[in-house]
Amino acid sequence: MQTPIRRLSFSGAGFLGAFHLGAGEALVRGGAIHQSTEIAGASAGALIGAVLVTGIPSTVARSALASLCHSTRAAPLGVLTPGLSLVDQLRSLFYEHLPSDAHHMSSGRLHVALTSLKRGESGRVSFTSEFTSRDHLIDCVTASSDIPGVTGLFRPPPGVAAAAGVEAGLLQRLTGRDFVDGGLMDIFPDPWVDDPRAPRTLFVSPFAGNGLPIAPPPRADAWRVPSYSPIGASQQGRELELTRENLHRWVHAFFPPPPEVLEQYEQAGSKAAIAWLSQQKSSPSSRLSPSE
C-alpha cells in the first residue's frame, strides 16, 4: 500500500495546469493523496490544489480547463486581448462547482501562495491556509492566478474591494488588489521550508529541471538556471532547464495549445506521477526523501 504524501506542491503552470490535473488524478488513484496530505499551490497549482482537496471530479475540472482554453484561443490576442479576464471566468467556474463547505475542507490542507502588493511588503510571497468562507477561498485561489493586464483586468475582480486610501501602495492603487499571482516571485511554493521538522515536500512541475520528482524527464546535457530567478528557479535549489522543450512549455502556459496537445500534457503529468509511484514501490528508502 502506498504511503500517503505528507507535503505536496504544485508549481505555477498557467494552462499547463493540465499536467497537474493528470498528475493529481494519478496520485489519487495510486493512494498517495489522502485526507492528511497538505497541498501547496501557486497560480494554476493553487487551482488544481483546490480541485483535489474539495473533491471536484476530474471530468469537471477537465471540462472547465477546456472551456478556458477555448475562450482564450478564440480571442484575437489570446490572454492579451483587451476585456478578456481569465480570473473572472475562473471565479464563475468555482462558484458553479465548489461545494458549499469547500472552505472547511480546504482549511489546514490547502496552502495558497500569494504575492503581496501592499506598502512595505510588495513582492513578498505569503501563504493562506485558513479560509473563513467559500467566498474567501475563491478570492484566494483566483488571486493566486491574477496578473493584472494579462490574466485579469486592471480593475478589482467582482466582489473584491479596490485598494484605496493613503495607506495603500502605488501598485495597490493602480491594480485595485492587495495580492496577485503567487508564482510571480517563485513558481515552486514551499510554505514549510523554514520548518526543520516538516517532512520533505514533493514538487510537481510541467517544466523539466532538477529537484522536481514529478516533472517531464530531464535532459543530462541541458543548461539550467543555477540560482533564484522570478522566471526560472527557486530559492530552495530547484532548477529549470534552458531548453527548446521548456520554451515551448512556457509559451503554452500563457497561450493555450490545441485540445489534442493539452490532452498530451495531461497524459504526461499522469505518466510522470505513475513513474514516481513505481519508484516508491521499488525503492523503499526513496520514500524518506521524495524531493530529491
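How many disulfides does the count come to? Zero. Keep that in mind as you start the tour. The model on your screen is predicted.

**Stop 1: the whole chain**

Show the full chain as a cartoon. The chain has 292 residues, and buried residues make up 52% of them. Its secondary structure comes to nine helices and nine strands. Now switch on the surface. The accessible surface comes to about 13500 Å². Carbon and sulfur atoms own 58% of that area.

Next, think about contacts. Take those between residues at least 6 apart in sequence: 73% of them join residues at least 24 apart.

**Stop 2: two cysteines**

Select Cys69. Is Cys69 buried or exposed? It is buried, with a relative accessible area of 4%. Then select Cys140. Cys140 also counts as buried, at 7% relative accessibility. Remember that the disulfide count is zero.

**Stop 3: helix 4**

Select residues 86–97. This is helix 4, with 12 residues. From its first C-alpha to its last, helix 4 reaches 16 Å. That is close to the 16 Å expected at 1.5 Å a residue.

Show the side chains of helix 4. Which residues of helix 4 are buried? They are Leu86, Val87, Asp88, Leu90, Arg91, Leu93 and Phe94. Color them, then look for their neighbors. The buried residues of helix 4 pack against three partners: helix 2 (44–54), helix 3 (58–74) and helix 6 (134–143).

**Stop 4: a salt-bridge network**

Now for charges. Side chains of opposite charge can pair when their charged atoms come close. In this model, the count comes to eight salt bridges.

Select Glu25 and Arg62. Their side chains meet in a salt bridge, at 3.2 Å from N to O. The pair links distant parts of the chain. Glu25 sits in helix 1 (residues 17–29) and Arg62 in helix 3, 37 residues apart. Glu25 is partly exposed, at 23% relative accessibility. Arg62 is partly exposed too, with a relative accessible area of 30%.

Keep Arg62 selected and add Glu266. Arg62 forms a salt bridge with Glu266, and here the closest N and O atoms are 2.6 Å apart. This pair also links distant parts of the chain: Arg62 is in helix 3, while Glu266 is in helix 9 (residues 259–282), 204 residues apart. Is Glu266 buried or exposed? Glu266 is buried, because its relative accessible area is 13%, under the 20% cut-off.

Show the three residues together. Glu25, Arg62 and Glu266 are linked in a network of salt bridges.

**Stop 5: another salt bridge**

Select Arg219 and Glu245. They form a salt bridge, with the closest N and O atoms 3.1 Å apart. Where does each residue lie? Arg219 is in the loop between strand 7 (209–210) and strand 8 (223–224), and Glu245 is in helix 8. The two are 26 residues apart and link distant parts of the chain. Arg219 is partly exposed at 34% relative accessible area. Glu245 counts as partly exposed at 37%.

**Stop 6: a nonpolar patch**

Stay with helix 8, which covers residues 244–254. Select Phe254, which lies in that helix. Phe254 is partly exposed, with a relative accessible area of 35%.

Now add Leu77, Leu80, Leu247, Val251 and Phe255 to the selection. Together with Phe254, they make a nonpolar surface patch of about 550 Å². Turn the surface back on to view the patch. The tour ends here.

Notes. Residues numbered from 1 in each chain as written. Predicted model: local features only at pLDDT ≥ 70, side-chain atom pairs only at ≥ 80, totals over all residues. Heavy atoms only, no water. Patch = residues over 30% accessible without salt bridge, like charges linked within 9 Å, V, L, I, M, F, W, Y side chains within 5 Å. Areas by Shrake-Rupley, 256 points an atom, 1.4 Å probe, with all protein chains shown as cover. Salt bridge = Lys/Arg side-chain N within 4 Å of Asp/Glu carboxyl O. Helix = DSSP H or I, 4+ residues; strand = E, 2+ residues; numbered from the N terminus. Buried < 20%, exposed > 50% of the residue type's maximum accessible area, 1.4 Å probe, protein only. Disulfide = S-S within 2.5 Å. Expected span 1.5 Å × (residues − 1). Contact = heavy atoms within 4.5 Å.
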